[in-house]
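Here are my notes on this structure, set out as numbered points. Please keep the viewer open while you read, and start with the glutamate discussed in the opening point.

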Amino acid sequence: SQVTAEDVLAWVRARLSGARDPVEARRRRNTMHYYTLFLRRFFEWLGLRVPVPVVAKPRGVSVEALTAEDIARLLQAARDPLDRLIVALLFETGLRAREAIELRLRDVNPASMTIRVRAGKYGEERLVFYGPLTAQALEEWLRLNPGLGPNDRLLGVSYSALYKRLKSLAKRAGLDPSRVRPHVLRHTFATEALRRGVS
């Protein structure tokens with residue numbers, strides 16, 4: 001009940017300021033677009049008559065995605081089964097990097113080739129399917145790690161370790177490392193799915 005319109009404006013300004021580059025500024029505007037929508041609805045639900053200006057969503061830009069040839073080069077450049085599993089998993093499932101590193105062995109069902117994502121954005125749980133590249137890489141990874149228990153993390157790496165592995169792979173594959181990031185693999189998954197007629 002003590003929140004004022006000035007408080008809201010100060011919060012929005014603080015969240016949008018200090019971006020280091022145009023990509024970060026765009027990301028912040030996009031995030032604040034949704035945050036201000038959520039806050040407006042929340043105030044309405046509370047019965048507070050405090051105006052919340054909705055931050056305009058940035059205009060769409062072309063989506064970065066890798067080609068099938070790029071993916072093949074990354075897989076060929078893999079130094080070990082973990083490299084192969086990371087690339088295959090992110091490419092075939094569209095998982096976010098954080099979701100991938102939080103996967104537990106119990107979440108993977110090789111019989112149905114599905115993965116239960118328990119650490120999804122906004123706490124959502126969902127089921128994703130994986131394909132032959134992941135199945136093969138997973139089989140090899142589990143054969144080399146027979147001690148993995150159901151509650152153990154499948155990949156056993158941190159976010160920064162996964163990120164560095166992808167950058168190193170890109171260099172080995174002769175690709176521009178700035179183009180190879182976890183989220184670009186997610187975009188690649190989506191682009192490939194659309195190309196194959198998925199809604």
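1. A good place to begin is the side chain of Glu99, which makes a polar contact with the side chain of Arg126 at 2.9 Å. A polar contact here is a pair of N or O atoms within 3.5 Å; within protein, one must be able to donate a hydrogen and the other to accept it, and residues adjacent in sequence count only if both atoms are side-chain atoms. Glu99 sits in helix α5, residues 97–102, and is buried, with a relative accessible area of 2%. Buried stands for under 20% relative accessible area, exposed for over 50%, and partly exposed for what lies in between (1.4 Å probe, protein chains only). Leaving aside neighbours within four places in sequence, Glu99 is in contact (heavy atoms within 4.5 Å) with Val117, Ala119, Gly120, Lys121 and Arg126.

2. A word on the basis of all this: the model is predicted, so local features need pLDDT of at least 70 and side-chain atom pairs count only at pLDDT 80 or more, while totals for chains, interfaces and linings use all residues. Residues are numbered from 1 along each chain as its sequence is written, and side-chain values use heavy atoms, with hydrogens and water left out.

3. Now the overall layout. The protein chain has 8 helices and 3 strands, in the order α-α-α-α-α-β-β-β-α-α-α from the N terminus on. These elements are DSSP runs numbered from the N terminus: helices are H or I with at least four residues, strands E with at least two. The C-alpha atoms fill a box of roughly 60 × 35 × 35 Å along the principal axes. Of the 199 residues, 36% are buried. Among contacts between residues at least 6 apart in sequence, 58% join residues at least 24 apart.

4. Helix α2 covers residues 22–46, and its end C-alpha atoms are 35 Å apart, which agrees with the 36 Å that its 25 residues should span at 1.5 Å a residue. The expected span is 1.5 Å times one less than the number of residues. Glu24, Met32, His33, Thr36, Leu39 and Phe43 are buried in α2, and α1 (5–16) is part of what covers the buried residues. After the helix comes Gly47, with a positive phi near 80°.

5. Thr36 deserves a closer look within α2. Is Thr36 buried or exposed? At 0% relative accessibility, Thr36 counts as buried. Not counting residues up to four places away in sequence, Thr36 touches Trp11, Val12, Val52, Pro53, Val54 and Val55.

6. Arg49 lies in the loop between α2 and α3 (68–76). With 85% relative accessibility, Arg49 counts as exposed. Although Arg49 and Ser1 are 48 residues apart along the chain, 9.5 Å separates their C-alpha atoms.

7. Helix α4 is mostly covered, with 12 of its 13 residues buried. Among them are Asp83, Ile86, Val87 and Leu90. From first C-alpha to last, α4 reaches 18 Å, close to the 18 Å expected at 1.5 Å a residue. At the N-terminal end, Asp80 acts as a cap, with a side-chain oxygen 3.2 Å from the backbone nitrogen of Leu82. Just after α4, Gly94 takes a positive phi of about 75°.

8. Please also check how α4 (residues 81–93) and α6 (residues 132–144) pack: the angle is about 145° and the axes are 8 Å apart. Axes are lines fitted to C-alpha atoms, for helices over the stretch in contact, and angles run from 0 to 180 degrees between N-to-C directions. Pro81, Leu85, Leu89 and Glu92 are among the α4 residues that meet α6, whose own side includes Leu133, Ala137, Trp141 and Leu144. The residues of this contact divide into 12 nonpolar, 1 polar and 3 charged. In that count, Ala, Val, Leu, Ile, Met, Phe, Trp, Tyr, Cys and Pro are nonpolar, Asp, Glu, Lys and Arg are charged, and the others, Gly among them, are polar.

9. Finally, Met113 has a positive phi of about 55° although it is not a glycine. Met113 is placed in the loop between β1 (108–109) and β2 (114–117), and is partly exposed, with a relative accessible area of 28%.
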